[in-house]
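Dear colleague,

I am passing on the structure we discussed, and I would be glad if you could look through it alongside the notes below.

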Amino acid sequence: MGLRLYNTLGRSLQEFEPIQPGKVGFYGCGPTVYNYAHIGNMRMYVFEDTLARALRYLGYEVTHVMNITDVGHLSGDADSGEDKMVKSAQERHKSVLEIARYYTDAFFADEAKLNILRPDVVCNATEHVDDMISLIRRLEANGYTYFSGGNLYFDVSKFPSYGEMAGLKLDELKAGARIEVDANKRNPYDFVLWFTKSKFEDQALQWDSPWGRGYPGWHVECSAMSMKYLGEQFDIHAGGIDHVAIHHTNEIAQSEGATGKKWVNYWLHGEFLVLDKGKMSKSAGGFLTLKTLTDAGYEALDYRYFLLGAHYRSQLQFSYDGLDSARASRRSLVERVLALREKLHGGEPTPLATLCPAAKARLVAFKAAIEDDLSTPRALAELWGVLKEQGVSAADALGAAFDMDRVLGLGLESLAREAQAAVDPALAAELDALVAERAVAKKAKDYKRADAIRDELKARGVILEDSPAGTSWKLAPSVAGATPSVAGATPSVTGATPSVAGATPPGSAPRA
RNA sequence: GGCGCCGUACCCAAGCGGUAAGGGAGAGGUCUGCAAAACCUUUAUGCGGCGGUUCGAUUCCGCCCGGCGCCUCCA
């Protein structure tokens with residue numbers, strides 16, 4: 001059985017068939033970089049990453065394209081959210097482009113922490129204005145546009161299937177008009193392709209165009225850039241559920257209006273992360289970033305694990321209780337993997353081809369879960385299953401688990417017990433001495449002294465573990481073990497300019 | 001007003017016509033001087049409520065109750 005995905009186009013689970021056998025063109029909506037990404041945003045990118053990983057796992061050659069929206073409302077509302085950081089950014093940088101660059105770097109730093117693989121192509125809207133202009137010219141030539149009040153609009157009445165994916169009905173549009181309709185529009189659903197009259201007084205970025213100096217409408221960027229890197233027809237477009245009705249609907253109209261061909265075959269939409277009070281937004285407060293979580297003592301991968309526990313198409317309720325649970329769970333997972341690794345005594349995990357039947361069965365079930373519209377919760381259950389199952393050797397368990405982790409991205413294979421050498425040698429010697437002293441006290445049945453030593457060490461963040469083989473010590477969980485060294489997701493972003501990534505042709509970008 | 005989603009054990013969360021995955025937490029056990037850690041075992045005759053279809057429904061249909069999202073350049 002092959003991969004089945006829930007396609008918003010048709011609202012059903014569909015067998016995935018790429019345009020070109022074995023290859024997948026995948027465009028995922030990226031961030032708007034005028035502020036930090038919050039953890040709700042990051043849920044989306046973990047989903048897109050899971051999709052890209054799953055496709056590769058299933059043997060497809062994937063070209064994953066992500067846009068960076070660095071044009072639009074960069075000037076207007078930079079004072080919302082976390083003002084201090086924004087202000088300092090504004091002070092340190094001189095242009096909106098640099099602010100965009102600042103948040104782009106912050107975004108990719110978060111992605112790296114979450115073990116999200118960098119897309120093959122990352123493209124900035126500001127570097128593709130020419131492509132957008134040519135796309136708009138094609139639309140103009142095909143008769144889909146009109147100029148009114150200084151802006152160029154897309155005329156949805158000329159595009160009969162407008163709103164099909166979202167189930168919009170053009171003749172009922174007036175019912176939904178609770179916001180003031182732009183008087184220049186012929187139809188409330190019409191949208192701007194090119195602005196020359198900026199909504200924002202101090203719109204900083206402007207380009208010359210056949211319609212005058214101005215800047216592109218938001219929707220155009222995705223159409224133009226996706227087609228540039230993936231061709232006029234490609235396989236998958238993913239994004240947030242909120243984009244179905246407007247953004248993606250408009251993208252479809254623009255793209256198909258320009259080419260006259262079907263544009264994207266599969267539309268995948270991720271559901272929201274919601275808070276007790278409702279969804280996360282800047283205005284309503286509760287703007288949590290990855291940094292909020294890591295400052296509170298969680299690791300980024302705890303959050304990834306938390307996300308993997310729910311299906312991407314279900315709303316997921318965020319809570320610190322839930323995150324605590326995910327953290328405890330992941331720690332236990334990490335501990336188990338490390339213990340199995342130690343059991344191997346430096347040996348290698350079993351290659352897939354020679355796995356024992358029980359481990360193999362888990363892997364088959366895992367693949368089935370992934371193929372069933374990316375059911376990461378079930379996939380996770382299989383991971384646990386293979387790690388806990390009696391009669392599966394450490395080598396077999398790890399062989400299967402590491403393979404599964406290619407999709408899950410929990411950094412299992414690169415886990416390593418914190419080397420004793422990493423601890424200050426003087427401290428290590430002192431701890432060893434105390435442990436030895438306690439052993440002597442225990443032997444003499446001086447439990448008072450033995451417990452005193454144990455309590456003292458505990459207060460210092462050192463945990464003792466007694467076992468038949470003797471006593472060992474380790475540093476408390478906050479430092480123990482779980483930070484993977486993520487291959488390919490290194491902080492190269494701090495140095496690299498987004499434009500470099502944007503200029504890289506498909507396929508040749510460095511990937512993990 | 002229009003469109004859509006969801007309600008499963010103490011918590012998170014799968015399953016979506018054949019008799020309830022997984023994790024967390026709790027409980028019991030092994031080990032221990034006692035703990036901790038680790039490991040093992042265990043926890044829903046039940047899936048918001050009421051009807052209906054069916055040999056059979058958590059899974060399909062209807063109604064009701066409760067919660068949420070989108071229709072604003074929000075993921």
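What follows is a summary of the fold, the nonpolar cores and the charged pairs.

Please keep in mind that this is a predicted model. Chain A holds 15 helices and 16 strands, and of its 512 residues 51% count as buried. Among contacts between residues at least 6 apart in sequence, 76% join residues at least 24 apart. The accessible surface of chain A comes to about 23300 Å², and 53% of that belongs to carbon and sulfur atoms.

The largest nonpolar core has 91 residues, and Ile-236, Tyr-303 and Phe-318 are those with the most contacts inside it. Helix H1 (residues 39-57) gives the most to this core, contributing 11 residues. The core also draws at least three residues from each of domain 1 (23-285 + 487-502) and domain 2 (319-408). Apart from it lies another core, of 48 residues, which includes Val-121, Tyr-144, Tyr-146 and Val-264. If residues up to four places away in sequence are left aside, the residues that Tyr-303 touches include Ile-39, Met-42, Leu-290 and Phe-318.

Turning to charges, the count comes to 21 salt bridges. In one of these, Arg-138 pairs with Glu-232, with the closest N and O atoms 3.0 Å apart. Arg-138 lies in helix H4 (residues 129-141) and Glu-232 in the loop between helix H5 (218-230) and strand S10 (234-240), so the pair ties together parts that are 94 residues apart in sequence. Arg-138 is partly exposed at 33% relative accessibility, and Glu-232 is partly exposed at 27%.

Glu-382 forms a salt bridge with Arg-362, the closest N and O atoms being 3.1 Å apart, and this pair links helix H11 (residues 376-388), which holds Glu-382, to helix H10 (residues 357-371), which holds Arg-362. Here Glu-382 counts as buried at 18% relative accessibility, whereas Arg-362 counts as partly exposed at 24%. Arg-449 and Glu-437 form a further salt bridge, with 2.6 Å between the closest N and O atoms; Arg-449 sits in helix H14 (residues 447-459) and Glu-437 in helix H13 (residues 425-443). In addition, Asp-49, Arg-53 and Arg-304 are linked in a network of salt bridges.

One residue that you may wish to view separately is Asp-110, in helix H3 (residues 96-113). Asp-110 is buried yet has no salt bridge, and the nearest side chain of opposite charge, Lys-113, is 4.2 Å away. The salt-bridge cut-off is 4 Å, so a separation of 4.2 Å does not qualify. Not counting residues up to four places away in sequence, Asp-110 touches Ala-37, Met-42 and Leu-290.

With best wishes

Definitions and conventions
Residues numbered from 1 in each chain as written. Chains lettered and ligands numbered in written order. Predicted model: local features only at pLDDT ≥ 70, side-chain atom pairs only at ≥ 80, totals over all residues. Heavy atoms only, no water. Helix = DSSP H or I, 4+ residues; strand = E, 2+ residues; numbered from the N terminus. Buried < 20%, exposed > 50% of the residue type's maximum accessible area, 1.4 Å probe, protein only. Lys, Arg positive; Asp, Glu negative; His and termini not counted. Contact = heavy atoms within 4.5 Å. Areas by Shrake-Rupley, 256 points an atom, 1.4 Å probe, with all protein chains shown as cover. Core = buried A, V, L, I, M, F, W, Y, C linked by side-chain atoms within 4.5 Å. Domains from an automatic or database assignment.
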